[in-house]
Amino acid sequence: MILYGYPLSSASYRVRIALALKNLPYESITKDLRAGEHREADYLDINSQGFVPSLKLDEGTVLGQSAAIIEYLDETYPDPPLLPAEPRARARVRSLSQAITSDIHPLNNLRVQKALRDQFSATPDQIQAWIARWITDGFAALEQMIGAHGGKFAFGDQPSQADCVLVPQVYAAERFAVDLAPFNQIRRVADAAMALEPVAAAHPSRQPDADAP
Ligand SMILES: N[C@@H](CCC(=O)N[C@@H](CS)C(=O)NCC(=O)O)C(=O)O
């Protein structure tokens with residue numbers, strides 16, 4: 001499999017964690033977002049949204065959207081599972097994940113930051129405040145959701161899709177100097193996940209092109 005991604009991209013980081021937890025080998029191709037490589041014609045042929053990640057499967061099919069990729073991996077390589085078998089638990093893991101993938105991350109990704117800067121003349125401080133606002137709002141709700149079951153990880157005592165998504169969002173929050181002090185549950189479960197070697201190996205600093213800004 002080939003993963004098209006970028007070290008600092010949260011959505012790529014999610015898939016790297018899932019691949020690592022399942023111990024699946026893959027080739028990594030970096031698309032440098034700061035250089036606009038994800039908007040070049042050859043990559044738009046692979047991913048018409050111009051987003052990373054994309055996962056090219058052995059027989060050539062290309063999958064986009066990190067959550068869809070993680071669910072595909074889980075269905076194809078079920079051990080260890082990233083979604084619980086029991087439908088209510090499965091739905092809760094998806095709720096936690098989507099609180100980030102649908103409601104926090106899309107407001108803060110690069111194209112939104114660029115639009116704020118170029119179309120609405122936002123300053124770097126205003127962009128930072130925008131990012132912090134949506135992460136803080138979303139994390140306040142997640143803090144309740146995670147605390148409600150009190151497991152070792154984001155949901156329960158095994159790492160799940162929710163951890164694949166939470167760890168990169170915590171990393172992004174730290175990069176953008178968001179105050180995480182109020183979020184004890186989030187920090188607790190993110191630390192537990194990051195202590196696992198496969199999760200640690202997916203960290204941006206440990207990727208082949210880690211020097212990319
Ligand atoms: N919902 C998509 C989001 C993908 C996404 O926003 N990727 C970011 C990097 S984390 C990206 O490619 N941004 C490029 C841009 O905003 O121009 C997914 O989960 O895969």
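For the purposes of describing a lining, Ala, Val, Leu, Ile, Met, Phe, Trp, Tyr, Cys and Pro count as nonpolar, Asp, Glu, Lys and Arg as charged, and the others, Gly among them, as polar. By this division, the lining of the largest pocket comprises 14 nonpolar, 15 polar and 6 charged residues. The structure described here is a predicted model, and the account that follows turns from this pocket to the ligand, then to the enclosed space, and finally to details of the backbone.

The largest pocket holds about 760 Å³ of space, and its lining is made up of 35 residues, among which A11, F51, H105, N109 and L110 lie nearest the centre of the pocket. Several helices take part in this lining, since at least two residues each are supplied by α1, α3 (66-76), α5 (105-108), α6, α7 (124-149) and α8 (161-175). Of the contributing elements, α6 provides the largest share of the lining of the largest pocket, namely 4 residues.

It is in the largest pocket that the ligand sits. The elements that place two or more residues in the shell around the ligand are α1 (10-21) and α6 (110-118), and α1 gives the most to that shell, with 3 residues. Helices α1 and α6 are thus named both for the shell around the ligand and for the lining of the largest pocket. Around the ligand there are 16 residues, of which H38, V52, Q65, S66 and R111 come nearest. When the residues of this shell are sorted by character, 6 are nonpolar, 7 are polar and 3 are charged.

Oxygen atoms of the ligand are also approached by polar side-chain atoms of particular residues. For H38, which is listed among the residues that come nearest to the ligand, a polar side-chain atom lies 3.0 Å from a ligand oxygen atom. In the case of R14, an N or O atom of the side chain is found 3.1 Å from an oxygen atom of the ligand, while for R39 the corresponding distance between a side-chain N or O atom and a ligand oxygen atom is 3.3 Å. Taken alone, the ligand exposes 510 Å², and 92% of that area is buried by the protein.

Apart from the pocket, the structure contains 1 cavity of 30 Å³ or more. The largest cavity encloses about 80 Å³ of space, and the residues that line it are L3, G5, Y6, P7, S12, R16, S28, I29, T30, Q207, P208 and D209. Two or more residues of this lining are given by each of β1 (2-5), α1 and β2 (27-30), with β2 giving the most, 3 residues. In character, the lining of the largest cavity divides into 5 nonpolar, 5 polar and 2 charged residues. Helix α1 therefore appears in the description of the cavity lining as well as in that of the pocket lining, where in each case an element is listed if it supplies at least two residues.The backbone shows cis peptide bonds at two prolines, P53 and P80. The peptide bond from V52 to P53 is cis, with omega near 10°, and P53 is found in the loop between α2 (41-44) and β3 (54-56). V52, the residue before this proline, is also one of those that come nearest to the ligand. The bond from D79 to P80 is likewise cis, with omega near -5°, and P80 lies in the loop that runs between α3 and α4 (87-101). A further backbone detail concerns N23, a residue other than glycine whose phi has a positive value, near 55°; N23 is placed in the loop between α1 and β2.

Key: Residues numbered from 1 in each chain as written. Predicted model: local features only at pLDDT ≥ 70, side-chain atom pairs only at ≥ 80, totals over all residues. Heavy atoms only, no water. Near = heavy atom within 4 Å. Polar contact = N/O pair within 3.5 Å; in protein donor to acceptor, adjacent residues only side chain to side chain. Areas by Shrake-Rupley, 256 points an atom, 1.4 Å probe, with all protein chains shown as cover. 1 Å grid on protein atoms, 1.4 Å probe; cavity = no way out; pocket = protein on both sides within 12 Å on 5 of 7 lines; lining within 4 Å. Sits in = over half its atoms within 2 Å of the grid points. Points joined across faces, edges and corners; volume = space filled by probe spheres on them.
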